[in-house]
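Q: Hi! I'm new to this one and would love a friendly tour. Could you bring it up?
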Amino acid sequence: MELNKKTAQQALEQAAKSNPGAWVDHSKYVAEACKNIALRCKNLSADQAYLFGLLHDIGRYAGVTSEKHLIDGYRYCMERGWEKAAQICISHAFMIQDIHTSIGEFDVSDADYLFMETFVANAVYDDYDRLVQLCDSLALPTGFCLLEKRFVDVTIRYGVHPATIDRWKKILEIKALFEAQIGCSVYTLLPGVVENSLR
């Protein structure tokens, strides 16, 4: 099945019916942020970036889970031949390529955990992986936000973990890398970011 805007949007709509929740609107904002930033990057397709952002949490179609949504999303996309989207379903949660830096609960089988551990360690990240990692931290279900607001939002829900600070530092590093490419602050490309961050 070809991955394009229509198939990706249909996939998200169906997933939203299976498991309604704030994650759906969050995914839409992640996609918009990916597109807006990619438009300024010479080596990225804004259309592709949008699709990867839209589908990064598609594994949530299977229900309310923690890290299980990563491998559920990977399998969902692989079944459709969407290999890069499948990788990002897992990689978006591991800006540091070490499964032990997870902040979630591994509600998966031992076999799935071992698969994910190996997958994360051996994945070759490119700017699409890094862009979705960044934009995942720039989007609340209500709109775009400052990274620090999203950091607090996630920490309130998941708690503080040994890797929390290192994960924040990595996202700030990725932000700086993209800003060097685009020649401006990413926030200037996210309409309403200030207003939404002040809510």
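A: Sure, one term to start: angles under 35 degrees count as roughly parallel, over 145 as roughly antiparallel, 65 to 115 as roughly perpendicular and the rest as oblique. This is a predicted model, where local features need pLDDT of at least 70 and side-chain atom pairs count only at pLDDT 80 or more, while totals for chains, interfaces and linings use all residues. Residues are numbered from 1 along each chain, and side-chain values use heavy atoms, without hydrogens or water.

Q: At what angle do the axes of helix 4 and helix 6 cross?
A: Roughly 75 degrees, and the axes of helix 4 (residues 68-79) and helix 6 (residues 110-122) come within 11 Å. Helix 4 and helix 6 are therefore roughly perpendicular.

Q: Which residues make the contact?
A: Leu70, Ile71, Tyr74 and Arg75 of helix 4 meet Asp112, Phe115, Met116 and Phe119 of helix 6 (contact means heavy atoms within 4.5 Å).

Q: New topic: how many disulfides does a search of the whole structure find?
A: Zero, taking a disulfide as a pair of cysteine sulfur atoms within 2.5 Å.

Q: Where is the nearest cysteine sulfur to Cys34?
A: In Cys135, 3.8 Å away, and Cys34 is in no disulfide.

Q: And why is there no bond for Cys184?
A: Because its closest cysteine sulfur, in Cys41, is 9.4 Å away, which is too far.

Q: Back to Cys34: buried or exposed?
A: Cys34 counts as buried because its relative accessibility is 0%; buried means under 20% relative accessible area, exposed over 50%, partly exposed in between, with a 1.4 Å probe and protein chains only. Cys34 is among the buried residues of helix 2, which also include Trp23, Val30 and Ile37.

Technical notes:
Helices (H or I, at least four residues) and strands (E, at least two) are DSSP runs, numbered from the N terminus. Axes are lines fitted to C-alpha atoms, for helices over the stretch in contact, and angles run from 0 to 180 degrees between N-to-C directions.
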